[in-house]
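I am opening a fresh page for this structure and will note what I look up as I go, beginning with contacts along the chain and ending with the core.

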Amino acid sequence: MEVLPKKGLLLDIGCGTGLFVEKFGMDGGNAVGLDISRGMILQARRRCKEREFVVGTGETIPFCDGSFDAVASLLAFSYMKDPQAMLDEAFRVLKPNGILAVCTLGKNLLTRGIPAIYLIGETIRVNHVVMRDFGEHYYNEEEMAAMFTTAGFADVQAKWCSFAHIDLIDPLFHLARKVEPFVERRLPQLAYNICVNGTKPG
Ligand SMILES: C[S@@+](CC[C@H](N)C(=O)[O-])C[C@H]1O[C@@H](n2cnc3c(N)ncnc32)[C@H](O)[C@@H]1O
């Protein structure tokens, strides 16, 4: 997410409770949140009263062409029923030279085990959120880069990143940031997120 501009108007696709929109605003930018869940949007509006939050899907973004300087999506891409449509839409709503950054669960050793966890959850009838099948999909670096390129993005970069995420409570976040570079260099199979970014040509 470091590739995103600090200023300008950003769209957060799958914004959830608005954590990233809030953070982007605190850092000096302006952001709009989009999420398919009305419940999430209501929570986001309560968290961050001064920002705009809209109910809608990433595959049909309810904004005009060239509306945003940047588009971000954190941990929501794996839930898109039509991931290519989301990237095409992100391209459409970006201004020329705008940046798209997506952080999503990657296809690796850890995520390959997730369907088994869901199966166990179903068998023993545990209806907890971490054991419920949301029909998500996992992608590797090549698949992500190919979809970005098909959408029209240039300068596409994809890299594994591990667990540091903005909603971790602070001491844990700082510890995670310290461990992360080691995991990414030495144990990439444990770094379960992929961060991909690309630029809309000017
Ligand atoms: C794991 S949460 C991540 C929330 C937030 N980005 C964060 O990092 O805290 C995934 C979010 O994606 C949303 N979502 C799932 N499918 C979506 C779609 N097709 N369009 C927009 N949002 C979607 C869900 O409602 C949920 O809020």
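I looked first at contacts between residues at least 6 apart in sequence, and in this protein chain 66% of them join residues at least 24 apart. I keep in mind that this is a predicted model.

Next I went through the elements: the protein chain has 7 helices and 7 strands, and from the N terminus on they run β-α-β-α-β-β-α-β-α-α-α-β-α-β.

I then turned to the sheet, which is open, has 7 strands in the order E3-E2-E1-E4-E5-E7-E6, and shows mixed pairing. Strand E3 (52-55) and strand E6 (154-161) stand at its edges, and because each has a single partner strand, one side of each is left without a neighbour in the sheet. Neighbouring strands are turned by 15° against each other on average, with direction ignored.

I looked up one pair of strands more closely, and found that E4 (residues 68-74) and E5 (residues 94-105) run parallel and are joined by 6 bridges. For valine 71, the bridge partner in E5 is leucine 100. Helix H2 (residues 38-47) packs on the sheet, where it touches strand E2 (30-35) and E3, and its direction makes about 170° with that of E3.

Last, I checked burial: 34% of the 202 residues of the protein chain count as buried. The largest nonpolar core has 46 residues, and among those with the most contacts inside it are Val71 and Leu100. Strand E5 gives the most to this core, with 6 residues. Leaving out residues up to four places away in sequence, I noted that leucine 100 touches Val71, Ala90, Leu94, Phe153, Asn197 and Gly198.

Notes
Residues are numbered from 1 along each chain as its sequence is written. This is a predicted model: local features need pLDDT of at least 70, side-chain atom pairs count only at pLDDT 80 or more; totals for chains, interfaces and linings use all residues. Two strands pair if DSSP finds at least two bridges between them. Helices (H or I, at least four residues) and strands (E, at least two) are DSSP runs, numbered from the N terminus. Axes are lines fitted to C-alpha atoms, for helices over the stretch in contact, and angles run from 0 to 180 degrees between N-to-C directions. Two residues are in contact if their C-beta atoms, placed from the backbone, lie within 7 Å. A nonpolar core is a set of buried Ala, Val, Leu, Ile, Met, Phe, Trp, Tyr and Cys residues joined through C-beta atoms within 7 Å. A residue is buried if 20 or more other C-beta atoms lie within 10 Å of its own, exposed if 12 or fewer, and partly exposed in between; C-beta atoms are placed from the backbone.
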